Amino acid sequence: MKYIDKQQEPQSFLTWKGRNNADLRSRNTQNLSSEAKRLWKKLNGTPEKEAIKISLLKEQGYICCYCQKRIANDDSSQIEHLKSRENYPINTLDYDNFLATCDGGQIDNTNRDKSSSPSFPEYCGKNKGSNELNITPLQVNCDSYFQYQLDFVINPTATTISISPIGNDAANVLSILNLNIDKLKANRYQALLTLILKNPLDADLEPNYANLKSKTELEAELNSLFDQTSQTFRRHNNNNNFLPYCQISYQAIKELISVIYP
Ligand SMILES: [Zn+2]
């Protein structure tokens, strides 16, 4: 999990809320829920909602707030309510409660061959639904609770497991977001290969290990990408985005270097 440093909400959204008398805190509890639903529906399809999404994508360097998959301003991303609309209608229009999540497998499931394959498991915001996370990407130290293993599984760290109740919280986060399904493990593997191979990876081809970068090349590249302060990959120089799966890649690659470059 990667910390997200929330910025100011778009001015156009603030103006929209003023224009629509959308201060949910002023509503009485009886009609709060229906008002929150009505206003959220009203926001749909507006330029203001588009501005929110773009702002969130920029905050996150165009990766999913949970799985770190690449997302864009299209169907590959959705506005996620960290505190669910169902349980916290009062936070429905709070920018600080918004994150950008991936489609959670929805596109894959829509396109799958319905006659032969079972449906794929859902993940991230799609799987979370109205569940609550006790560790969130808005906590500065959120990544310290998780470790990224060479088999591309994410687990709570040993220290985290030993401390109650945070150990259970971390395990619950992984379960609620379904972050250890085969699909996401495969994506992390691909992200790692993309870093260590000289040629960009074609998903349909077997990786050619003759194209492995030399240890010197790889270490130089990692050093240029790694941000010592945040312990993650820095924003990519060319497009100002974070690398997909940036945390898993870095932590796995440190171990991998010691294995493949004796
Ligand atoms: Zn995701």
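In this predicted model, E35 has 19 C-beta neighbours inside 10 Å, so this residue counts as partly exposed. A residue needs 20 or more such neighbours to be called buried. E35 sits in helix α2, which spans residues 29–43. Residues up to four places away in sequence are left aside in the contacts that follow. E35 touches L24 and R27. D23 lies twelve residues from E35 along the chain, and the two C-alpha atoms are separated by 10.0 Å.

Q7 offers another case. This residue lies in the segment before α1. Q7 has 11 C-beta neighbours inside 10 Å and therefore counts as exposed. The cut-off for that class is 12 or fewer. Q7 touches S55 and E59, again with residues up to four places away in sequence not counted. Q7 and E59 are 52 residues apart in sequence, yet their C-alpha atoms are 7.0 Å apart in space.

Both partners of Q7 lead to helix α3. This helix runs over residues 47–59 and has 13 residues. From its first C-alpha to its last, α3 reaches 18 Å, close to the 18 Å expected at 1.5 Å a residue. Three of its residues, I52, S55 and L56, are buried. They cover an arc of only 100° around the axis, which puts them on the same side of α3. The buried residues of α3 pack against α1 (11–19), β1 (77–81) and β2 (98–102). Just after α3, G61 takes a positive phi of about 60°.

Helix α8 (182–196) can be described in the same terms. α8 has 15 residues and reaches 21 Å from its first C-alpha to its last, close to the 21 Å expected at 1.5 Å a residue. Its buried residues are L184, R188, A191, L192, L195 and I196. Seen down the axis, these residues fall within an arc of 130°, so they line one face of α8. The face turned away from the buried side carries the exposed residues D182 and A186.

Both helices contribute to the largest nonpolar core. This core has 43 residues. Within it, C64, Y66, C67, L99, C124 and L179 touch the most other members. The elements giving two or more residues to this core are α1, α3, β2, β3 (146–148), α7 (166–177), α8 and α10 (246–260). α8 gives the most, with five residues. C124 illustrates the contacts made by one core residue. Not counting residues up to four places away in sequence, C124 touches C64, Y66, C67, T101, C102, G104 and L177.

The protein as a whole has ten helices and six strands. Of its 262 residues, 29% are buried. Among contacts with a separation of 6 or more, 60% join residues 24 or more positions apart.

Confidence varies along the chain. The protein averages a pLDDT of 87, and 90% of the residues score at least 70. Confidence is highest in β2, at a mean of 98. It is lowest in strand β6 (residues 232–233), at a mean of 65. Where pLDDT is low, the predicted coordinates should not be read in detail.

Technical notes
Residues numbered from 1 in each chain as written. Predicted model: local features only at pLDDT ≥ 70, side-chain atom pairs only at ≥ 80, totals over all residues. Helix = DSSP H or I, 4+ residues; strand = E, 2+ residues; numbered from the N terminus. Expected span 1.5 Å × (residues − 1). Arc of directions from axis to C-beta. Contact = placed C-beta atoms within 7 Å. Core = buried A, V, L, I, M, F, W, Y, C linked by C-beta atoms within 7 Å. pLDDT = per-residue confidence, 0-100.
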